[in-house]
Each structure stands twice: as C-alpha cells, then as structure tokens.
Amino acid sequence: MSGSAEATTVRHEVVVDAPVERAFSVFVNDIGSFKPREHNLLAVDIAETVFEPRVGGHVYDRGVDGSECRWARVLAFEPPERLVISWDISQRWQIEADPDKTSEVEIKFIAETPQRTRVVLEHRNLDRHLDGWQAVRDGIDSDAGWPLYLRRYADLIAA
C-alpha cells in the first residue's frame with residue numbers, strides 16, 4: 001500500500017472466540033447492540049439500528065419517533081466471510097447524499113480455527129469526503145470510533 005493510500009485508510013481488527021458463521025451473524029444481526037446509541041444523527045434518541053442483509057440494503061438508525069437515518073448502503077454481502085458498506089456520513093458528521101463523496105468499510109471474517117475468528121475492518125477511500133476528510137479519518141480511528149465498535153462487538157460475542 002502506498003503512503004497516500006495508507007493515509008486515506010483506517011484498519012482495525014479483533015479476534016473473537018466464535019465460529020466464523022456466528023461472528024458474521026452477530027455483526028449483522030446485532031449491530032444495534034454494539035453501535036453506541038450516542039453515535040446518532042437523528043433529532044431523537046435511537047430505538048434501533050438495522051442492517052438490511054443484502055446488496056442494495058441499508059444500515060440505518062430508527063428513532064423513537066419512527067424517523068430513520070440511512071447512514072450506509074450495503075455494497076457487498078458474502079456471508080460468512082465479507083461485507084462492504086458505504087459510509088454516507090460527511091466530514092461535518094451529516095448524511096452525505098452524493099455517493100461519489102462517500103467512503104467504504106469492508107469487514108472480513110477470517111476463521112483462524114473452527115471456534116476462533118479474526119474480524120478485520122478496513123475503512124478506505126476517506127479522501128472521497130473531499131476537504132476536511134482528515135476529520136473523518138481522525139474520528140473513526142479514535143478510541144470513540146471503530147476501536148470502540150470492535151471492543152463492544154467482542155464483548156457481545158464473549159457474553
């Protein structure tokens with residue numbers, strides 16, 4: 001990977017004690033259990049976070065009043081090994097409607113043993129967010145970004 005590409009990509013991983021099928025299933029079906037509720041672009045509290053498990057589906061938050069915030073599109077869905085979603089959130093932490101100005105998040109589920117899975121998350125093409133894209137990178141790479149999601153995901157698997 002070139003220096004330029006590395007600057008526009010954030011990568012984190014976690015190993016969980018679960019078969020690859022369960023690791024994938026929990027990530028998709030229980031995303032609302034590990035996505036922090038305070039990570040909210042709605043005007044009201046989040047009632048649930050939904051992952052539509054198909055290419056063309058969305059990842060969205062549904063508010064307690066029924067409103068929805070669709071913050072990702074499902075670009076690839078290959079259970080139990082891989083999924084790719086768009087990141088439709090701008091550098092101003094608002095919904096980005098132009099798909100040419102969104103980045104991608106690829107999550108790979110790699111079986112290390114029949115009961116252990118490495119989950120590799122790569123958020124790439126951050127420069128598509130244009131001026132100020134570094135704020136997106138810094139936010140998702142911080143302790144309150146993807147590392148927090150993966151820690152909470154691992155805790156959920158372990159529970």
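Okay, before anything else, one bit of vocabulary: when I say helix or strand, I mean a DSSP run, numbered from the N terminus. Keep in mind too that this is a predicted model.

With that in hand, let's go straight to the largest pocket. Strand 4, which is residues 68–78, supplies at least two residues of its lining, and so do helix 4 and helix 5, each of them. The volume comes out at about 270 Å³. There are 17 lining residues, and the ones closest to the pocket centre are His 39, Trp 87, Ile 89, Trp 93 and Tyr 149. By character, the lining splits into 10 nonpolar, four polar and three charged residues.

Now, what about enclosed space? Rolling a water-sized probe over the atoms shows where empty space is left. Searching the whole structure for cavities of 30 Å³ or more turns up one. The largest cavity has a volume of about 40 Å³. Its lining is Phe 27, Ile 31, Trp 71, Ile 85, Ile 107, Trp 146 and Tyr 149. That set is seven nonpolar residues, with no polar and no charged ones. And yes, you heard Tyr 149 twice: it lines the cavity, and it's also on that list of residues closest to the pocket centre.

So what's the scaffold around all this? Overall we've got five helices and seven strands. Along the sequence the pattern reads α-β-α-α-β-β-β-β-β-β-α-α.

The seven strands make an open, antiparallel sheet, in the order 1-7-6-5-4-3-2. Strand 1, residues 10–16, and strand 2, residues 46–51, are the edges, each pairing on one side only. From one strand to the next, the twist averages 20°.

Over at the strand 2 end, five bridges join strand 2 to strand 3, residues 58–63, and the two run antiparallel. If you want one to click on, Val 50 has Tyr 60 in strand 3 as its bridge partner.

Then the two helices we met at the pocket. Helix 4, residues 133–141, packs on the sheet and touches strands 1, 5 and 7, with its direction at about 15° to that of strand 1. Helix 5, residues 146–158, also packs on the sheet; it touches strands 1, 5, 6 and 7, and its direction makes about 10° with that of strand 1.

Last thing, overall dimensions. The C-alpha atoms fill a box of roughly 45 × 45 × 30 Å along the principal axes. For 159 residues, a compact globule would have a radius of gyration near 15 Å, and this protein has 15 Å, so the two agree.

Conventions
Residues numbered from 1 in each chain as written. Predicted model: local features only at pLDDT ≥ 70, side-chain atom pairs only at ≥ 80, totals over all residues. Heavy atoms only, no water. Pairing = 2+ DSSP bridges. Helix = DSSP H or I, 4+ residues; strand = E, 2+ residues; numbered from the N terminus. Axes fitted to C-alpha atoms, helices over the stretch in contact; angles between N-to-C directions. Contact = heavy atoms within 4.5 Å. 1 Å grid on protein atoms, 1.4 Å probe; cavity = no way out; pocket = protein on both sides within 12 Å on 5 of 7 lines; lining within 4 Å. Points joined across faces, edges and corners; volume = space filled by probe spheres on them. Nonpolar A, V, L, I, M, F, W, Y, C, P; charged D, E, K, R; others polar. Rg over C-alpha atoms; globule rule 2.2 N^0.38 Å.
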